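Student: Please give me a close look at the disulfide bonding in this model, and go on from there to the packing of the interior.

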Amino acid sequence: MALSSIPAHAAVQETEPTSRTVTVGMNFAGYDKKTAEANGYVIKKTAKGSEYSVKKDASPAEEQELADQADARDAAALIDNTGEVHGNCGSAWITLTGNSNHHGQLSTGFEIFNQKAWWYEWGVSVVDVNGSSHQGWGPSTLDFQSQWSGSRSVTLYGSAYATIIPGDSYAELADGTYCTAGPASAYDWFG
């Protein structure tokens, strides 16, 4: 039996990595009163029932401005007429980059608007044809930063999805605000 030869250029086929990034809003989810108090804040409610965090030594004008912002935050629609989702305290993203040989990169992170986070915890669910796994970062301190990102290598097979888990993905701000993310899913093919 004769063997057919394979041209050298066909033996190894390099593929360009593909990448999918999805961004989602992060939204106010309440306060941690102990954190607020430890950092010199007190949690109050407006006449409309909206909670807000204010420095203990804030002027009446500063306090009223925060109260008005809390009422506006709670009344605001989070989807604008373009269909884009906007968070009222930040944005989060997730990227899944695949290449050949089932190897890829999972990256995720967030940016907080107008404040800094002192603590975070982040969870991502990764699913492929073989099952699922939980990829976690934190809980950990952030040293009052407005941004965080993390990444790791992943080995996946077939169609794969990575999803920010809403209950497991949040930043806690110095004034006690919980800012939560998700869900957001990125996908790619790992072949």
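**The disulfide and the nonpolar cores**

Tutor: Counting a disulfide as a pair of cysteine sulfur atoms within 2.5 Å, there is one disulfide. The model is predicted, so local features need pLDDT of at least 70 and side-chain atom pairs pLDDT 80 or more, while totals for chains, interfaces and linings use all residues. Residues are numbered from 1 along each chain as its sequence is written, and side-chain values use heavy atoms, without hydrogens or water.

The partners are C89 and C179, with their sulfur atoms 1.9 Å apart. The link of C89 and C179 is right-handed, with 105° about the S-S bond. C89 lies in the loop between α3 (60-75) and β4 (90-98), and C179 is in strand β11 (residues 177-181), so the pair ties together parts that are 90 residues apart in sequence. Helices (H or I, at least four residues) and strands (E, at least two) are DSSP runs, numbered from the N terminus. Both C89 and C179 are buried (under 20% relative accessible area; exposed is over 50%, partly exposed in between; 1.4 Å probe, protein chains only).

As for the interior, the largest nonpolar core (buried Ala, Val, Leu, Ile, Met, Phe, Trp, Tyr and Cys joined through side-chain atoms within 4.5 Å) has 29 residues. M26, L96, L106, F110 and W122 touch the most other members. Strand β6 gives this core its largest share, five residues. A second, separate core has eight residues, including Y31, A36, Y52 and A70.

Strand β6 covers residues 117-128 and also holds V127. V127 is partly exposed, at 37% relative accessible area.
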